[in-house]
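Take a look at the sequence and the model below. Then read on for a short tour, from a whole chain down to single residues.

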Amino acid sequence: ANLIMRPDDANIVGNVHGGIILKMIEEAGCIVSTRHCNTQEGDRCLAVLARVEKTEFLSPMFIGEVAHVTADITYTSTHSLEVQVKVVAENILTGAKKLSNKAALWYVPCSLKNVDKIMEVPPIKYASAEQEEEGRKRYDAQKLERLETKARIEEVVPPQPNSEQHTVGFSQSSLIHLVGPSDCTLHDYVHGGVTMKLMDEVAGIVAARHCNTNIVTASVDAINFHRKIKKGCVLTVTGRLTFVSNKSMEIEVIVDATSLVEAEKGKYRAVSAFFTFISLDKGNKPLPVPVLKIEGEDEQRRFEEGNARYLQRKAKRMAAQGRPQ
Amino acid sequence: ANLIMRPDDANIVGNVHGGIILKMIEEAGCIVSTRHCNTQEGDRCLAVLARVEKTEFLSPMFIGEVAHVTADITYTSTHSLEVQVKVVAENILTGAKKLSNKAALWYVPCSLKNVDKIMEVPPIKYASAEQEEEGRKRYDAQKLERLETKARIEEVVPPQPNSEQHTVGFSQSSLIHLVGPSDCTLHDYVHGGVTMKLMDEVAGIVAARHCNTNIVTASVDAINFHRKIKKGCVLTVTGRLTFVSNKSMEIEVIVDATSLVEAEKGKYRAVSAFFTFISLDKGNKPLPVPVLKIEGEDEQRRFEEGNARYLQRKAKRMAAQGRPQ
Amino acid sequence: ANLIMRPDDANIVGNVHGGIILKMIEEAGCIVSTRHCNTQEGDRCLAVLARVEKTEFLSPMFIGEVAHVTADITYTSTHSLEVQVKVVAENILTGAKKLSNKAALWYVPCSLKNVDKIMEVPPIKYASAEQEEEGRKRYDAQKLERLETKARIEEVVPPQPNSEQHTVGFSQSSLIHLVGPSDCTLHDYVHGGVTMKLMDEVAGIVAARHCNTNIVTASVDAINFHRKIKKGCVLTVTGRLTFVSNKSMEIEVIVDATSLVEAEKGKYRAVSAFFTFISLDKGNKPLPVPVLKIEGEDEQRRFEEGNARYLQRKAKRMAAQGRPQ
């Protein structure tokens, strides 16, 4: 596969993000191993990633370069296969090529009929007995390490707050977003629409966590954009429930912007707004919303303020319906 | 603008996200107002969003429908203008149309030569004196509310941890990602490459917060994918510094998956891995990394474990360079 | 549709990729023709792209400009319809508008219940008998050409890679794309516009490799879509130089679709087309193109065929300029 690196794939100075390269590598590995596993009789299957070996980024890639990804199957066990992937970056203006990355991935074929059924892998032919033997060693080594990690990973204490369901803390969510070129105007300032989309995204996750149902945006209160947000900033978007009526949820969403380059001086509250969400059943009819468990004075105060806004919105809606438009 | 709504614009049951609609509305508003403000002599300018009035989502929009967005300038003050936007959803199979959204946005024209210079807005003509008077009332009302919100927003206590710079807590970051259709295989399970891309994104933000420089991924330790992640999950990806050498940072990244629909039962640790980042100067040469301030026994233990991994990686690299490949 | 062109839509110097424009054109054509074909009783249906007539890129478009796309149905046969699409680029800062593109596309309505069932097209009314007669001539001409291409398309043999600069092998490129949900219609078939965008991308890489300069799409010869491409397929898009004139390059682009799951049986030639690119200097003026080094009889034959097409295009352009439009 050859792919041109786009502005959104890179940071402000033009280095392609490692994550973009990892994603290309995995896509190539998935294609090669799925194709191989379907060259036999039996259920059709998809190769699912089980492990990536340690990966070095040998030289940085830049916007405008073409990435060449090649993938080869280098070992097969009964139920898994190893794919080695190489990424070469080519500057198509100068013709210069450099090795950017070498990776090894392990895949397991899962039946399309039953995802939990692992299929057998058709064996490959090796150039020599040594080659097969080396593959087997890599297979044994990774198997051992997998088991060790599995034990370790379970014991790690989860970093989330273990709040009780239906409290404010339980559904509170935040996301960070690194502002990219496509988020920006010609001025290099973030489009207001991009910020609103992120705010709606966080509010939707808060609402879904509270209800565990299909939720949709019902309305957004006025949003003021007090300060412009510059390219290269990180946005932290936080949402928390403030008020819940019988059939709606009010979520306050706060956007903070931090410049990654100028550190603390650049940190400020960029936007905040109230989103109202409703919960829907399968026929798109509103469902009752679980009662919000309030903890502490601040949450109580915010709940009462939310209730006041709710009554005001209701009154306005009534007035609007009564008067011809 | 007419746009077909795609699977990626909607949730699992096919409702288009409110955020996608808000983004379309703002794009239409920005085009109309930028065009208007450039119909005069003087600096070329871009219209920057200052405020969105309360927005109602009147009826849900679905994948495959066509969204029609129309925008009109309805009021101009000396330095701002109001744009009213209407969104109609059309089912092109049945021909049915429904009003999905009505919004009002306020823009301010900023000079392209000097972003802090606000330009004058060319006045529009009104159909009647009443129309102009109503516009002026909306203008005065929003101006008052803007000032009130500005006062309120400043006093809100920032929700971020107020950690000291160069501590683990200072740079720790997490993001949430709602798994969409394009993140998934035909099985409806998340592509491993998508998860790795998110992990690299968080690790990069942690590294940039610690250094305030241009940072790039140098390597990733082996990653094991113990459990498949299903469509409709929310991923919480958290990164924290574990170890810092003279010229590199090790960041542990943890991925937790939660099903939004099945609540607590569905929460599990999906993946974790160690990323190594380096800091670069403008000539792409490695820079020294600020020392990590360790607090408490856990951080000390993790630092020592990180140091051991660092020495091991170094030894392996030396061995690899010494032996023919 | 009105759309702001974003950084990701363009190359490093800010020219919007021809593929982005082709994709917008096809989306507009699909909306207009699907809407029209559903204005009757019977199964609901989707319009599927069957052919794009030769398309000229009349003037380059830049990041930040707004693209206006309008589409009209200009001819209907029993089972197909012709849509003419116009793209105007507007600089919203200066108010300048320029015609960027004119295209004609042929669609066939497929039943949503049974994709292989082709529906009847409701007839349109013509302004005059001449208009209808001209439409019928265009219909007959394209039908004939479709049949001819179908015969020719099967015999193409994949050529050999080669490393000497300015040979065909040197610049030959291919990319692999795994079809995802957002690439598809409600039928789960790939949007024609998505395929055209990928074809333009590969052709652009071939052209840049040959010239090492900034290159842009000048025109695309008629494209026939012989078979629908289903979700879950892998597309292999290959481009190679066939002919080079003093100031232009002709690149043949071939699209093969393979089902990952059904292996060899599922492999077929989906589309092929000729793209013409030109090389531009910093002031957007055409540059001379390096001579193409021809190796072997096949390349020689293709070069001569390309030369014939080049002369034909030139003659047509002359004829069009001579006659009033």
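This report covers one chain, one interface and a few chosen residues.

## Chain A at a glance

The model is predicted. Chain A has 325 residues, and 57% of them are buried. Its secondary structure consists of five helices and twelve strands.

How much of the contact in chain A links residues 24 or more positions apart? Take the contacts with a separation of 6 or more: 70% of them join residues at least that far apart, 24 or more positions.

## The annotated active site

The UniProt entry, which is unreviewed, carries the annotation "active site" for N11(A) and D200(A). D200(A) sits in helix 4 of chain A, which runs over residues 192-211.

Is D200(A) buried or exposed? D200(A) is buried, because its relative accessibility is 4% and the cut-off for buried is under 20%.

Which residues does D200(A) touch, beyond those up to four places away in sequence? In chain A they are T217(A), F275(A) and F277(A). In chain B they are H17(B), G18(B) and G19(B). The contacts of D200(A) thus include residues of chain A and of chain B.

## Where chains A and B meet

On the chain B side, 93 residues are in contact with chain A. On the chain A side, 93 residues take part. Together the two chains bury about 8100 Å². Carbon and sulfur atoms account for 60% of that area.

How many salt bridges cross this interface? The rule finds two between chain B and chain A. K54(B) and D221(A) form a salt bridge through their side chains, with 3.6 Å from N to O. Polar contacts are counted too: twelve residue pairs link chain B and chain A in this way, with both residues at pLDDT 80 or more. On the side of chain B that touches chain A, helix 4 (residues 192-211) of chain B gives the most, with nine residues. The residues on that side of chain B split into 43 nonpolar, 27 polar and 23 charged.

## A buried serine in chain A

S111(A) belongs to strand 6 of chain A, residues 97-111. S111(A) counts as buried because its relative accessibility is 0%. Its side chain has a polar contact: the partner is the side chain of D43(A), at 2.9 Å.

## Helix 4 in chain C

A203(C) is part of helix 4 of chain C, residues 192-211. Why does A203(C) count as buried? The reason is its relative accessible area of 0%.

What surrounds A203(C), leaving aside neighbours within four places in sequence? A203(C) is in contact with I251(C), V253(C), F275(C) and F277(C). Another position can be placed by distance: the C-alpha atoms of A203(C) and Q172(C) are 9.0 Å apart. Along the chain, 31 residues separate A203(C) and Q172(C).

## Two positive phi angles

Most residues other than glycine have a negative phi. Two residues of chain C are worth checking against that.

H166(C) has a phi near 70 degrees, which is positive, and H166(C) is not glycine. H166(C) lies in the loop between helix 2 (129-153) and helix 3 (168-171) of chain C.

N212(C) is not a glycine either, and its phi is positive, at about 55 degrees. N212(C) is found in the loop between helix 4 and strand 8 (214-220) of chain C. N212(C) is partly exposed, because its relative accessible area is 26%.

Key: Residues are numbered from 1 along each chain as its sequence is written. Chains are lettered from A and ligands numbered from 1 in the order in which they are written. Side-chain values use heavy atoms; hydrogens and water are left out. UniProt positions are given in the numbering used here, feature names are shortened, and annotations may be inferred rather than shown by experiment. Helices (H or I, at least four residues) and strands (E, at least two) are DSSP runs, numbered from the N terminus. Buried means under 20% relative accessible area, exposed over 50%, partly exposed in between (1.4 Å probe, protein chains only). Contact means heavy atoms within 4.5 Å. Buried area is the accessible area (1.4 Å probe) that two parts lose on being put together, summed over both. A salt bridge is a side-chain nitrogen of Lys or Arg within 4 Å of a carboxyl oxygen of Asp or Glu. A polar contact is a pair of N or O atoms within 3.5 Å; within protein, one must be able to donate a hydrogen and the other to accept it, and residues adjacent in sequence count only if both atoms are side-chain atoms. Ala, Val, Leu, Ile, Met, Phe, Trp, Tyr, Cys and Pro count as nonpolar, Asp, Glu, Lys and Arg as charged, and the others, Gly among them, as polar.
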